[in-house]
Amino acid sequence: MLETVRPGGMSTNKQKIITDDSMSDDVFETEEAGLRAADPVKREPSPTGYRGYTPDPGLLAPLPSPDTDVPHKTILLGDSGVGKTSLLVQFDTGKFQTGTFSATVGIGFTNKVVCVDDSKVKLQIWDTAGQERFRSVTHAYYRDAHALLLLYDVTNKTSFDNIRAWLVEIREYAQDDVVIMLLGNKADCQSSERMVRREDGERLAREHSVAFMETSAKTGQNVELAFMAIARELKARKNAAHNKSSFNVQDYVREHTQKASCQACSS
Ligand SMILES: Nc1nc2c(ncn2[C@@H]2O[C@H](COP(=O)(O)OP(=O)(O)OP(=O)(O)O)[C@@H](O)[C@H]2O)c(=O)[nH]1
């Protein structure tokens, strides 16, 4: 795997395995081994390590597997400079990284666990390099993606025009049932800088039957909502497989983005 190289930026691959080796093996292993040798039938080691203690069988049953066990691979896509890394950093740390723009090199991921109702959904969010020269590398990651966040920059018409080409690539390389969300980023920019109207984004999303919202990695507008909607959709699909619920990500996004703009108006 290549790494995301960004001076002063987010760290990638934040997986950590913590092992606790603080207990001495001698306490349990050596003594038990001796007893087993003396009486191999009766002296099987206790599962807890304490001789003679038999825990309630319920305590030894494997824990039910929570949703967090399975990470849902979510990939950020879009032209270079649209704000993929900034969006991920905002979601991960709640901060907007300022300073000079340095393009992502290759690909890297960050794990985030989000709470959906009473359960947890683990998102493994991959930040890709938008530059053309890295395209063949990122294609390889599409195939097992569960969700794709496809970004354009509302101040950059070319990045919006390229969305159709991105969707063609997605159809070619990703799975048919991948969840796609179109995001018009940099919505904080002044209207004089804006080159793509919100309605144009909405129309394009409708044409391709994907969810849509405008975001700002700078102010945080709709950033959490975007990932939350993805997590809800992924969870709903899992439940649908067990006939538990129905959920429509496009309705959810419409309902909640409207709420966000109403709050903004009244504050
Ligand atoms: N005003 C504003 N600027 C943003 C926003 N998001 C990103 N930027 C700026 O846009 C530039 C590019 O952002 P990045 O997050 O590095 O873009 P990227 O899509 O990851 O670019 P690549 O790594 O080349 O694919 C940076 O200077 C950011 O500070 C936003 O929501 N609002």
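Begin by selecting strand 1 (residues 72–78) and strand 4 (residues 147–153): the two run parallel and are joined by five bridges. Strands here are DSSP runs of E, at least two residues long, and helices are runs of H or I of at least four, each numbered from the N terminus. Within this pair, display Leu-77, which faces Leu-150 in strand 4.

The model is predicted: local features need pLDDT of at least 70, side-chain atom pairs count only at pLDDT 80 or more, and totals for chains, interfaces and linings use all residues. Residue numbers start from 1 along each chain as its sequence is written.

Next, select the six strands together. They form an open sheet of mixed pairing, in the order 2-3-1-4-5-6 (strands pair if DSSP finds at least two bridges between them). At the edges stand strand 2 (107–116) and strand 6 (211–214); each has a single partner strand, so one side of each lacks a neighbour in the sheet. From one strand to the next, the twist averages 25 degrees (axes are lines fitted to C-alpha atoms, for helices over the stretch in contact, with angles from 0 to 180 degrees between N-to-C directions).

Now add helix 4 (residues 135–142), which lies across strands 1, 2 and 3 (119–128) and runs at about 35 degrees to strand 2. Contact requires C-beta atoms, placed from the backbone, within 7 Å. Then turn to helix 6 (residues 163–173), lying across strands 1, 4 and 5 (179–185), at about 165 degrees to strand 4.

Finally, show the whole protein, with its nine helices and six strands. Among contacts between residues at least 6 apart in sequence, 73% join residues at least 24 apart.

Methods:
Two residues are in contact if their C-beta atoms, placed from the backbone, lie within 7 Å.
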